[in-house]
Structure formats: structure tokens, C-alpha cells
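Please open the structure in your viewer and keep the selection tool at hand. The tour below moves from one selection to the next and says what is found at each stop.

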Amino acid sequence: MKSPVSASPRYAFRLYVAGESPHSLRAIANLRALCGRIPGGVADVEIVDVLRDPPRALKAGILVTPTLVRLSPGGGEVQRLIGDLGDLSAVAASIGLPESGPGLPTELRSGPRGKPAKPMDTE
Amino acid sequence: MGSVRSTGKGLGGRGQWEFSAPNLANSGEMDKAPTGIAGLDEATRGGLPRGRTTLVFGGPGAGKTILALQTLVNAARFGDEPGIFVTFEEQSRQVVANASSFGWNIPELEKRRLFFLDASLDPGVVRAGQFDLQGVLAALSAKVKEMKARRVVFDGLDVLLTLLSDPHAERTELYRIHEWIARSHLTGIVTAKMVSSDPFAQAHYEFAAYMADCALRLVRSHKDGVSERDVSILKYRGSSFSENKVPFVIGPAGLEVAYQQLSGELGLRPSRPTRSPNRRISTGVERLDTMLNGGYFRAASVLLTGLPGTAKSSLSGAFVKAACRRGERALYVTFDGTGDEIVRNLTSIKIMLRSSVESGQLRILSGTSLSDSAEVQLMRITSAILKQRATCVVIDPISALARASDPSTALGVVSRFIHWSKANGVTLLCTSLLTSTDPHAEASGLGISTLCDTWIHLAYVQKGGERNRSLSIVKSRGTGHSNQVRELMLSNEGITLADVYKADGEVLMGTMRWEHEIGQKEDAQRRVSEARIRRIEIEREYEQIRARAALLHSELGLKSVELGAAKEAEQSRVTSEKSREAERRQRRFADFGEPRGGRPPTAAIARPKRRGRELGT
């Protein structure tokens, strides 16, 4: 899923997933929700399926899936997060996003620590 | 797949390693993958289950990583089976560096046969939800295909699993790995750190232990400050296995498991053939050879016991010197001093070892035993023997092995060492200190006297204000031997045994012997001269009697002549008496015989003429 690339994207992510496993699908959905919190609403996202391209995963040192790599503008790796990003608030906090934002409606929420995103007006 | 033979270089210089399982009492149906670790393949009856998962767990520093890596290295080197090592805990560079001292030449193997995957998670990684291992397994599948790998290790899996939030997730991932290993037709080892002594008490690893086909537990314990390691096979589905806890050491070439089957098969497996060119070899002391009917048997074990100072080290020195003289190589292991001291002390009794040491025929190994366990010391000694290619070995004293371990462990170690020496054709001489003068106290102490073939006891005999050294052979299997107690003499001419000297049923030694010898000589002389005197006396008496007898004999002759004459005289007297009587009667006109009718006596005048003749002139 690729969002339109803006002139200078603030956020760039690479998400490694393993096919269409439950964890992977959740991670994709949660990432989408996260992106919804980005001011400006745009982010550069690349999704890599390790089942289709194992050597790439090895080279990148990706071991568990899903793994989210946050890239700084320019392509270098800034941060890694492992897991299906279920705890959105915590994830948002760790990557410097507001803990809640105008999340897109109808997201898949799950995971033991997943919390539904609150609409902005109630914050 | 059947057995794989390879002629790779032996571990630790032990010669050829046969990297195959079939001759190790394999149950037959199950295909096993050898580990190549001495003793472990024996204990598992052939190795680990092929195509299945083996769980190796233990506390920190127990040796799990080394065991797993060594198996992989052996398979790659000798079994032609490439392998992948995935490390979750340490960085792979660290693992390789830690193993560099073993001489496995990992960099060389990494070119084609070994692949290291560093799966340790960066501390900066944020945990943000549930994850699984599909990524890494997918990546590995590709690698397996590329390398044609047959073995895999997941080292430190517990680190990864603790990141998962619940036991359910852990089980899922464990099962995923287990399945992937089987599906990929790999022989897998998973190592995990466990701090409890009983895995089944740990809910975490219950499933792991249940799921795995084979589970090994490594324990490292400290007894009296000495570290001891052992491995137990907790389960092995589908195979028989040794159920006992087996000790192991981490030696110069990796793990060595000291497994010994009851039938006598060895854990430290040698590869040199047993050689026995001469049945007996010299003890170094000629008269002792005679006492033993020729000397020590080759590849026998000899125990020399005695209090300090009873010349055990001297006899040991004589033994190795004799070996060197025969052109053989020897090793003298001492826990009581340095090599130089030994050489110096023995020079004073004319046992010259310096030239043998310099030529390399004899090596003197000084051991310190204070802190090492019996296992570690044994391993050092056997390595030294192989390196020296020694056929005659002295351990002085062997009781040093028991200093750091408990007696039953030490006895087990010594027993294994004796078997190993025998199998390798090494003649072994062990000395042992005694704390009492009763040689049978030794038997209940460390107990090696029952294991050794020959037992010689050295003692002090105190008598008459002197102490002299004595030697006696308490037992010697398979040979007749002298049962005398002999005096052992050390001088600057060497070692020898004195002649046996018994008096009144007791053996005498030293000056008492000398005195007694003198006394005996004098007695003997006296008896001889007494006899001579007696003989002379009798001779004299005999002469006397003979002279007297001669005298009597001549008297006897005279007397018999007298007797003859007297007899004659008597006879003539009788005759004349008879004729006189007849004459008388005639003169009286009596008849000879009975008178008839009574003739008157006057008739006698009438016949004087007739009588005239008889009256004679």
C-alpha cells in the first residue's frame, strides 16, 4: 500500500510481514491507523513480504514478523518495532506521534492490548 | 540415510574419527545423527534423533552453546553435513570468538559449510505487540536450500520467547520451530537457559520438553569449591539411552563426555591399537623383577603404597628409567614437586633421568591439583600421554586426584583411567600415600587397590632401635610372586633388595640382621669345633680299649695253654688211679668183679710169679 509521496515526507516506514498471517494483517491495519495520526496525513510506507523475498529479510536482519522499521527522511533506519502494533497509543508515543488523532474509521483492532482509537473531538 | 564416513583430522590429535553410528548399539530402526562428541554418542546410543528437535537446557555457563556448536562443527567437518547456527542471545561473532580456543577452524567452515545468523535482538528494539518467527524461518528456508544444510541450532531461544507475552504464544512459536525443523528435514538443536534444577517444575518449558523428541540437561555444580559438570538425557523418544547423569569436561578441543558402559566400553575413546611386544617389562630393580617372576605385565596397573619417605618415588623413577633404556617413551606426572627436583633426587641414587628428559623420551609433568576436579585432571593427563606417545606412565601420587573431588567421583575417574590405559597399552604405575601403616586401610580408603593388577607395599620396619625400609608384594594378578618381605636398600649405587634373612620366623633387617648373621656364624663355628673335639676324644678311648683288648687276648692265650696242661694232667691222674686200683686188687687176690664162693685170701702166695711182673722192678 503506497500513499502518495509528498515533497518532503516526515515519516517513512518499511513494514516486513509474513504473507497474510493474522499478525501481518493486523500490523498493516494498525499501521494505517497510525498513519492517520500523522499531521498532514501522508507517509511513505513500503511493505515487504518476507515469504516472497527471504534474502532481503535476512540482509536487513529481520527476524520476527511483523517488524516495523521507521526510516528517517533520507532512508536511514531510525527505529525498529516488532509486533503487530496492537497497542496503538504506546506505539504512537514511541515514534513521536500524538497518542491519538483523527484515526480512520473502521479499523481492525485486536491484540491483547489493542485499544480503540478515540475520535479527536473527545480528547 | 546411512552412516557417513569421513577421514577428517581427529579432534585433539586423537587420530581418525569414524563419524558413523551403526557400531554403537543403535536400536536399529531409528536414524540417528552423531554428535561427534566423545562419550555423548555412546550415551545416546548413536547420537541425536535425525530430522527431529533436541532440546538442550541448563543454567548459565553450563555449556549448552558449546555443545550445540560442537555438534554442528563436527557434522560439517567430518560428516559432510552443512549446518546453520541461529543465535538469539549472544552475537554470533561472540559465539565464534568464544569457541576459537578449541581449534575448530570455524572461519574455514564458514565458507561453505556453516552459516551463522545473528538473531539477537537489538536492545533498542521496541516491542509493540505480538510477533512470530515466520520471518526468520522463511529466510532460513531459503538458506537451507542454498547450502543443502542438514543441521540447525537455535541457541538461546528462551531470550526470544520471553519477549512474547504469554505462554500460549510461546507454545505456538516453539511448535512452529519444531514443525519447521521436521519439514525441512533437518536435525535440530534448540538451547534454552533454565535456572531450576527440574525442568518439569517450570511451566514455561513444560511444553518444550514435552514437544521435543530428545531432551538433554546440562548442569554445572560446585562441590567444595570445585566445579563439576554433568549431562543427563531426560528423554529420548523411540530409543534406549543411558539414564544416568554422566560427567563431562570442557577440554582443549571441546566437550568430552565421560561415559563408560558397564561392559567396559570407554567414554574416552582411543584410536591407537593396543600393542604388546613383550609380555613383561622391567621394574627397574633387578631383584624386584625376580620377585615378580619377570617384572610388571605390559599394560598392567601397578599400585605402590607407603608412608612418605618409603621410596615410592625412587621406585617410580627406576621404572621410567628402565622404560627409556628400552627405547620407550615415558611420562612422569608428579603432584609433589617440580621436574627438576625429581631429577635431582633420583640422581642421588644413581637413577639418571636428565638425558632422557633432554632427549624428549621422558616428560615430567608437574600438576597442581588443588582446585581442579578429578575429571579435569584426568583429561589433562590423558592428553599429555597421547601427546608424549608414552607407553609407561607414573602418577605420583594418584591420591592427588581425590583431593578436589569426593571419593566416589574420584574412584570412578581412576577406574576409567585404568581401563583407558589398559586399552591403550600403557603400563601405569600409581603411587599412593597412606595415612596408616596398615596396607589394608588403603583398600577401604580410595579403594584403587582392588582395581590395580599389582600392589606393592613399602613400609618401615622398626626393630632394635633402627628403621629400615621393607618391600612386599601384597598381590599381583596373573603371576606368581614372592611373598617375602624384603629389605629395600637405597644407596648411591642404586636401589636393590637385600637377601632375605629370617630368624625364628621373623625377617630381620639392618644391623640386627648383621648381628644375627655374625652370631649365627660363630655358633656354627663353635659347633664344628665341638664336634671335632668329641671325635678326638672318642678316638683316644678307642685306642685305649684296643690296647687293653690286646693285652687280655695274650693272657687268654697263656691261660688256654695252662688249661690244656691241666686237663691232660687230670686225665692221666684218672688213668693211673684206675690202674693202681687194679694192681691193688691183684695184690689182694681179689677178682676183678664179684667175689665167687669165698676163696680164702691165702691163695695169694701160691701165685707170686704171676704177679712179679706187676710188682715190677
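How many salt bridges does the rule find across the interface of chain B and chain A? Before turning to that, please bear in mind that this is a predicted model. The answer is zero: no salt bridge is found across the interface of chain B and chain A, although a search of the whole structure finds 28 salt bridges over all chains.

**First stop: the interface**

Select the residues at which the chains touch, and you will have 24 residues from chain B together with 23 residues from chain A. Between them, chain B and chain A bury about 1,900 Å², and 68% of that area lies on carbon and sulfur atoms. Now pick out B:Val126, B:Ala128 and B:Gln130, which supply 28% of the area that chain B buries against chain A, more than any other three residues.

Next, colour the side of chain B that touches chain A by its elements: those that give two or more residues are strand E5 (114–118), strand E6 (126–127) and helix H5 (134–147) of chain B. The largest share comes from H5(B), with seven residues. If you colour that side of chain B by class instead, you should find 14 nonpolar, six polar and four charged residues. Polar contacts are present between the two chains, the count being nine residue pairs, both residues of each pair at pLDDT 80 or more.

**Second stop: chain B as a whole**

Widen the selection to all of chain B, which has 17 helices and 25 strands. Of its 617 residues, 48% count as buried. Chain B exposes about 31,000 Å², of which carbon and sulfur atoms supply 52%. Among the contacts in chain B with a separation of 6 or more, 69% are accounted for by residues 24 or more positions apart.

**Third stop: along helix H16**

Select helix H16 (residues 510–587) of chain B, and then show the side chains of three pairs in turn.

Begin with B:Arg534 and B:Glu537, which form a salt bridge whose closest N and O atoms are 3.5 Å apart. Because these two residues are three apart in helix H16, about one helical turn separates them. B:Arg534 is partly exposed at 49% relative accessibility, and B:Glu537 is likewise partly exposed, at 33%.

Continue to B:Glu543 and B:Arg546, whose side chains meet in a salt bridge at 3.4 Å, N to O. Here too the residues are three apart in helix H16, so that about one helical turn lies between them. B:Arg546 counts as partly exposed at 49% relative accessibility, while B:Glu543 counts as partly exposed at 42%.

Finish the helix with B:Glu581 and B:Arg585, a salt bridge in which the closest N and O atoms are 3.3 Å apart. This pair is four residues apart in helix H16, and the separation is again about one helical turn. B:Arg585 is partly exposed at 35% relative accessibility, and B:Glu581 is partly exposed with a relative accessible area of 30%.

**Last stop: a network**

Leave the helix and select B:Asp31, B:Arg50, B:Glu81 and B:Arg151 together, since here the view changes from pairs to a group: these four residues are linked in a network of salt bridges.

Technical notes:
Residues numbered from 1 in each chain as written. Chains lettered and ligands numbered in written order. Predicted model: local features only at pLDDT ≥ 70, side-chain atom pairs only at ≥ 80, totals over all residues. Heavy atoms only, no water. Buried < 20%, exposed > 50% of the residue type's maximum accessible area, 1.4 Å probe, protein only. Contact = heavy atoms within 4.5 Å. Areas by Shrake-Rupley, 256 points an atom, 1.4 Å probe, with all protein chains shown as cover. Buried area = accessible area lost by both parts, 1.4 Å probe. Polar contact = N/O pair within 3.5 Å; in protein donor to acceptor, adjacent residues only side chain to side chain. Nonpolar A, V, L, I, M, F, W, Y, C, P; charged D, E, K, R; others polar.
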